[in-house]
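Trainee: Could you take me through the charged pairs here, and show me how to read them?

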Amino acid sequence: MSNNLVIVESPTKSKTIEKFLGKNYTVVASMGHLRDLPKSKLGVDVANNFTPEYINIRGKGDLIKALKKDAQKADKVYLATDPDREGEAISWHLAYLLGIDPSATCRIEFHEITKTAVADAIKHPRAIDMDMVDAQQARRIIDRIVGYKISPMLWPLKKGLSAGRVQSVAVKIVADRDKEIAAFVPEEFWTLNAKLRENAKEPIFEAETIKYKGKKLTIANAEQAHAAEEALQKAKYVVEEAQKKDKKRHPAPPFTTSTMQQEANRRLNFTSKKTMMLAQQLYEGVNIGRTTTGLITYMRTDSVRMADVAVHEIRDYVGATYGNEYVPAKPNFFASKKNAQDAHEAIRPTSIARRPEDVARYLNRDQLRLYSMIWNRAVASQMEDAVYDATTLMISAGDYTLRATGSVLKFAGFLELSGALADPEKDKPVPFIPEGTEVQLHKLLPAEQHFTEPPAHFTEATLVKELEDKGIGRPSTFATTIATIQDRGYVMRDGKKLMITELGNKVNDWLTANFTNLIDIPYTADMETELDKIAEENLDKNVVIAKLYDYIASVKPHELPPPPPPAPTGIFCEKCGKEMVEKVSRYGKFLACPGFPACRNIKSIVKTMGVACPKCGGDVIEKKTKSGKVFYGCSNYKSDGTGCDFNSWDRPLNETCAKCGSMMVDHINLNRRHHKYCSNEACENARHVGVMVEPEKTTKTRAKKTVAKKTTTRKTTKAKKE
């Protein structure tokens, strides 16, 4: 009886695969890498073609001995590490340790952990792909050179700081955005809409004023808004153009690593790190009844391609569940990005038959939420387009032109997949009125004042998208990169927002001044392309490594001055009496005892709102949930549940409601607009009632006089929508 040894990376995966293969196979785990560059030195022989000086990782000696023993007993050894460059390199290291010829047919790979996929992989072993190994080695050596040559130069600022080929560019991207926001000067503008109808019997629709004398309309102040209002009150309204056509909305492609991280952050509020952890669990295998199986395909991919068998399975499911009209005549095709490594499929369920509701009892809450998102996205990608009946009217009114647009859902298509994807467009009917028809002015709505908004702070989702769009790093490393720049204190989270810290700005400014190329986006993107070419086009890895090494060696950076002593906080440690200092973590600023490690006392920095608690009169302070979302609560609250229980998502204001005398709060809606409401839910000025009081503008966006005749009618409608 033959004895076959299969080596995978994780013990979870080994248990799943061993059940598939049966008693003639032993499946063990390498627990990731077994060899790496030493931590105590550069570990790269620069004079000898940048040869890496690998050593066995400390603490893995017993595991290596056990693997060698298992390999000696086996008739055949299969190296089944992950199907990417990192996995290929781990297989190469395993071959070295176990005395296996890399050119022998010892390497197997599978992109999903199912019985069929594993059995097929065993039938088709191959040699280790040395081009992929070289690409991984080049990336590892370059990252080591950057880290070990430049990082120590940052230590005068703070011991343990690091620079990195990808992380430093990510910090620069966040820093540049924050500088752009700080320098932003808002500009005032006004909009003017009208409610129209063909006659008293026909429905009313809304149109926006967009042109003046054939050119784009810009209303810069209240005086210009008044003038436009007066002209439109007297004008004759005639339909100049009328269009009615079908408007299609296409389904999104199945997930890549990047788009999965973005969507999980946007919809589920997961960090990239958490998303990848959950995806790994779903990939490696979950106990479904009496069997263990992987629920999704390999989660590190930048391809949107799905296997033909999966596409046919989805099309059959859609036809049987929703009807053949929901199945496209031909399978939907999606093109991967230009530099995508198309060896792997998109992220999809290993079987469409395993619907989220069918496996819900076997998954924890977060696993189920991510699996549902992946399942829905894959199924929807092979459904018909949603079709809207879209109408556009261009209406002349003297020197002004108004536009009315509306759409009504005609065929749901992929949107039939309930709540799975982005919210469908809301029906907004506009009647089709033939050209040349005169229409009536039902009501001219009060002109609305606005201010241009600064660009938004990056979130994890938008930073992942930016890194991918710019070609910085690989999708498989985005989660680690974003976690690292927060762990180092370069970037901190405020709710979902990622914001540069003072330390991050100092590091970024120094790197910009001294190692311009290192954090130059085009330069870094070009290097990423060259690393890909090592695997795909046999580019000599030493050429790429030498290019970066020579650049770093040519730079003579100026030294960083030591950091100034910490500013006094006036707050003393109750454990040892020393004055506490302000520090920054990935979640923001906090107070720490300078006596660390002897004294490990830390405190959060309490931000008081200057408002008395409406329940007990204590101070209202700013707090954060575990996910970083800001809310407001009473300082008299106690962790054991006693004390005052006042809390609010809306920022309390130090003023009272004119109607009932309760505290007013500042609410920020989905469009980031501030509105003032009464905190008393029974009051007619409460938010749920729909009555809104305009807040005073901040100094930065202070308003000029508003147009007269403003009423609360339109505000009430908007508030109800919110």
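Mentor: Let us begin with one residue: Asp366 is buried, with a relative accessible area of 18%, where buried means under 20% relative accessible area, exposed over 50%, and partly exposed in between (1.4 Å probe, protein chains only). This is a predicted model, in which local features need pLDDT of at least 70 and side-chain atom pairs count only at pLDDT 80 or more, while totals for chains, interfaces and linings use all residues. Residues are numbered from 1 along each chain as its sequence is written, and side-chain values use heavy atoms, with hydrogens and water left out.

Trainee: With which residue does Asp366 form a salt bridge?

Mentor: Side chains of opposite charge can pair when their charged atoms come close. A salt bridge is a side-chain nitrogen of Lys or Arg within 4 Å of a carboxyl oxygen of Asp or Glu. Here the partner of Asp366 is Arg365, with the closest N and O atoms 3.9 Å apart, and Arg365 is exposed, at a relative accessible area of 60%.

Trainee: How many salt bridges does a search of the whole structure find?

Mentor: The search finds 38, including one between the side chains of Arg165 and Glu528, at 3.0 Å from N to O. Arg165 lies in the loop between helix H5 (130-150) and helix H6 (167-183), and Glu528 in helix H16 (residues 521-537), so this pair ties together parts that are 363 residues apart in sequence; helices (H or I, at least four residues) are DSSP runs, numbered from the N terminus.

Trainee: Are Arg165 and Glu528 buried or exposed?

Mentor: Both Arg165 and Glu528 are buried.

Key:
Helices (H or I, at least four residues) and strands (E, at least two) are DSSP runs, numbered from the N terminus.
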